[in-house]
Amino acid sequence: MFSGWLTGLRRGLATPTGRTARLIGRSPSRSLRLSSPRRVPELSSFVARTNTCGELRSSHLGQEVTLCGWIQYRRQNIFLVLRDFQGLVQVLIPQDESAASVKKILCEAPVESVVQVSGTVVSRPPGQENPKMPTGEIEIKVKTAELLNPCKKLPFEVKDFMKKTEALRLQYRYLDLRSSQMQYNLRLRSQMVMKMREYLCNLHGFVDVETPTLFKRTPGGAKEFVIPSREPGKFYSLPQSPQQFKQLLMVGGLDRYFQVARCYRDEGSRPDRQPEFTQIDVEMSFVDQTGIRSLIEGLLQYSWPIDKGPVGVPFPAMTFAEALASYGTDKPDTRFGMKIVDISDVFRNTEVGFLQDALSKPQGTVKAICIPEGAKYLKRKDIESIRKFAADHFDQEVLPVFLKANRNWNSPVAKLLMEEQGLGLIRRMEIQEEDMVLLTAGEHKRACSLLGKLRLECADLLEARGVLLRDPALFSFLWVVDFPLFLPKEENPGELESAHHPFTAPHPSDIHLLHTEPEKVRSQHYDLVLNGSEIGGGSIRIHDAQLQRYILETLLKG
């Protein structure tokens, strides 16, 4: 089983607004091309226009055309630029008396009005070509014009360089959708979904099945939206995923199912969670984890846009334990370093009190991350903010350490550390002169989680000051595997609960631990991570009824 979240993937692929304006303005057809050739679509079939604004070139010279679009801007009542979803074209407003009615329409129509013009494609006068526009060698000599819809005064200009607040964009969504950024995102998503359907249905025999939206509650997992019915006391639930339906399809012998599924989760809005979202939902019979991962890698490789660069497969994989130890999270951003380093052995004989206390406890460790050029770019207020965050959210001390003694801000502990084990720390962390080390001590998972948060926070601070750490053009895919099958309950750590859901199969080599050390059992759950965001995940199901009964009735009885 695999579920891939289109929202997160599209967010990763979305180009910054300024860059998108150039992509769309110059060659929208190239910017949206996907990885295999296809027939060029007929963009003007069944409608009044003969061509789109962005497709006309010098090869169309002399042709009579009809265009429909929005007035982008007008210059001196001599030229106007007409815009549609594919690009821009310059329109020459007639100045002679015989075309006074046409001139009146085009000169008096407010910007962003919708017009239809007919005329001849002609060359621009020598020296007036615009190499920045794909249509910059030609213009339209208008013969007739019709005002289809005049525009009233707008709350903001529909231009990419205009800054708009998120609230204003959402309030006037119909205007925001005209921007090149939104046009690019929606068309890119549409083309990727179509390519995914081709790959799954045409190349690998999957069946696209639409499942019901109104259903009963699914046990486990996220909270669901409850919808009242007309019958008193009876309700529907909106599905958090098509979980039960696809299991029925597998039992029914469908074998290979997928769906572009709408899902609903009543979890509140967070940056990585939304109340409703779309996922590519996949289910297969007679498959193992290797087969599923290969399928998803092929799916992304096949549907990937050419302008984003090739997708290399197979994707690298990392265990949950490795991800936590090196990055402090199960969804690491591997585009940059600053990995967590265990330096417990360096300070095994330390005289520093809080390090001694931490190392004397079970699971006690000393961890650190090296912030490149942190001494140069991070200010005192940044360090104080980092230390306050660690104290408020993790109840832990974070100690900044610099190579130069005078940069330790008179911290006697930091000075003592450098005097005591400075050479060993420098060698282990490979510290350079302008680097800064953030050091903490405590239980392994807690210390790693804290430094994982600070790693991302420091990356944000460095990039805000001009240091490029995370290349926005790089797409770093990663499989995270071997998650724990069970976790201690927060309210009662002596009892266990499923880390994901109770139907996830245990790792074959760990089944013997179910009866003795269930907390050490790894699961066959896997997540796909892109640039620090989880964009998909799934698991191999339990197929043994006796094993399923043991997990539900014995281990999860609480």
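## Exercises: loops and helices in a predicted model

Asp255 is partly exposed, with a relative accessible area of 26%. Keep in mind as you work that this is a predicted model.

**Exercise 1.** Find out where Asp255 sits and which residues it is in contact with, leaving aside neighbours within four places in sequence.

*Solution.* Start with the chain: Asp255 belongs to the loop between α8 (243–251) and β10 (256–264). Next, check the label "partly exposed": it covers values between the 20% and 50% limits, so the 26% of Asp255 fits. Now look around. Beyond its sequence neighbours, Asp255 is in contact with Leu249, Met250, Glu283, Met284, Ser285 and Phe286. Finally, try Phe206: it is 49 residues from Asp255 in sequence, yet the two C-alpha atoms are 8.2 Å apart.

**Exercise 2.** Is Glu112 buried or exposed, and which side chains does its own side chain make polar contacts with?

*Solution.* First locate Glu112, in the loop between α4 (100–108) and β5 (114–123). Then take its relative accessibility, 5%. Buried means under 20%, so Glu112 counts as buried. Now go through its side-chain partners: there is a polar contact with the side chain of Arg83 at 2.8 Å, and another with the side chain of Arg178 at 2.7 Å. Arg83 and Arg178 also turn up in the contact list of Glu112, along with Trp70, Ile71, Gln72, Cys151, Leu154 and Val158.

**Exercise 3.** Do the same job for Asp482: where is it, and what does its side chain make a polar contact with?

*Solution.* Asp482 is in the loop between β17 (477–481) and β18 (486–488). Its relative accessible area is 18%, so it is buried. The side chain of Asp482 makes a polar contact with the side chain of Arg522, at 3.3 Å. If you leave out residues up to four places away in sequence, Asp482 touches Thr319, Phe320, His507, Arg522, Ser523 and His525.

**Exercise 4.** Describe helix α9, then work out how α7 is oriented against α9.

*Solution.* Helix α9 (residues 289–303) has 15 residues and spans 21 Å from first to last C-alpha, close to the 21 Å expected. Among its buried residues are Leu295, Gly298, Leu299, Leu300 and Ser303. Now bring in α7 (residues 180–203): the two axes are 9 Å apart, at an angle of about 130 degrees. That angle falls outside the parallel, antiparallel and perpendicular ranges, so α7 and α9 are oblique to each other. Which residues make the contact? From α7 come Met192, Lys195, Met196, Glu198, Tyr199, Leu200 and Leu203, and from α9 come Leu295, Gly298, Leu299, Leu300, Tyr302 and Ser303. As a last step, note the handedness: α7 passes α9 in a right-handed crossing.

**Exercise 5.** Now try another helix pair, α13 and α15: at what angle do their axes cross?

*Solution.* The axes of α13 (residues 380–394) and α15 (residues 444–464) cross at roughly 150 degrees and come within 11 Å. Angles over 145 count as roughly antiparallel, so that is the label for α13 and α15. Their crossing is right-handed. Residues that meet here include Phe389 and Phe394 in α13 and Leu450 and Leu454 in α15.

**Exercise 6.** Which peptide bond is cis, and where is its proline?

*Solution.* Check omega: the bond from Val313 to Pro314 has omega near 0 degrees, and it is cis. Then place Pro314, which is in the loop between α9 and β12 (317–319).

Note on methods
Residues numbered from 1 in each chain as written. Predicted model: local features only at pLDDT ≥ 70, side-chain atom pairs only at ≥ 80, totals over all residues. Heavy atoms only, no water. Helix = DSSP H or I, 4+ residues; strand = E, 2+ residues; numbered from the N terminus. Buried < 20%, exposed > 50% of the residue type's maximum accessible area, 1.4 Å probe, protein only. Contact = heavy atoms within 4.5 Å. Expected span 1.5 Å × (residues − 1). Polar contact = N/O pair within 3.5 Å; in protein donor to acceptor, adjacent residues only side chain to side chain. Axes fitted to C-alpha atoms, helices over the stretch in contact; angles between N-to-C directions. Parallel < 35°, antiparallel > 145°, perpendicular 65-115°, else oblique. Left-handed = near helix turned anticlockwise from the far one by under 90°.
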